[in-house]
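Dear colleague,

I am handing over the structure below, and my notes on what was found in it follow directly after.

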Amino acid sequence: MKTLPTVEDTVAFGRRLASVLRAGDLVILNGPLGAGKTALTQGIGTGLGVSGEVTSPTFVIARVHRGPLPLVHVDAYRLQGFEIDDLDLDASVEDSVTVVEWGSGKVERLSDSYLEVRIERRDDDTRLVELVGHGGDWDTRVESLR
Ligand SMILES: Nc1ncnc2c1ncn2[C@@H]1O[C@H](COP(=O)(O)OP(=O)(O)O)[C@@H](O)[C@H]1O
Ligand SMILES: [Mg+2]
């Protein structure tokens, strides 16, 4: 568990997280509306060196940012009714880092393993972030970030 006092800290945390990411990775961001999922993704985008501003993909569902390691940014909030496979993202998932907001229960099967980032908003408006590795070597990879 780590405390992120300001939005800048959350962005910086995303930037540090990017340094351990590689092609094929799936990162699922969990936390309520306004938790900082998009802010964290902005930091990941900066860390990966991708092009285009990372913004909330709510109305487009998924956006691909080109770069040395492309970033596929998905907002799964509206995905209850249909399958993520319908987005036809599989091709790029192997070559990209895929970050999914609201992805729990919807996109886990895109990868054998994934990193879950839990963001909690506290009463004093600071955030608490927890990294939970599911399979693979995530626990080793994110150890220095915890
Ligand atoms: N410590 C913090 N970390 C992240 N966001 C914060 C923090 N403190 C305040 N905020 C604000 O909370 C909002 C988070 O929005 P956003 O990243 O879009 O959340 P989400 O994608 O989870 O809905 C932003 O307006 C941001 O400025
Ligand atoms: Mg968001």
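Helix H1 (residues 7-18) has 12 residues and spans 17 Å from its first C-alpha to its last, close to the 16 Å expected, the expected span being 1.5 Å times one less than the number of residues. Helices (H or I, at least four residues) and strands (E, at least two) are DSSP runs, numbered from the N terminus. This is a predicted model, in which local features need pLDDT of at least 70 and side-chain atom pairs count only at pLDDT 80 or more, while totals for chains, interfaces and linings use all residues. Residues are numbered from 1 along each chain as its sequence is written, and chains are lettered from A and ligands numbered from 1 in the order in which they are written.

Within H1, Thr10, Val11, Phe13, Gly14, Leu17 and Ala18 are buried (20 or more other C-beta atoms within 10 Å of a residue's own, against 12 or fewer for exposed and in between for partly exposed, with C-beta atoms placed from the backbone). Seen down the axis of H1, these buried residues fall within an arc of 155°, so they line one face of the helix; the arc is that of the directions from the helix axis to the C-beta atoms. They pack against strand E1 (2-4), helix H2 (37-48) and strand E7 (127-134), where contact means C-beta atoms, placed from the backbone, within 7 Å.

As for ligand 1, Thr10, Gly36, Lys37, Thr38 and Ala39 come nearest of the 19 residues around it (C-beta atom, placed from the backbone, within 6 Å), and H1 and H2 each supply at least two residues of this shell.

Leu29, leaving aside its neighbours within four places in sequence, is in contact with Lys37, Leu40, Val99, Val100, Glu101, Val117 and Ile119.

Best regards

How values were computed:
Two residues are in contact if their C-beta atoms, placed from the backbone, lie within 7 Å.
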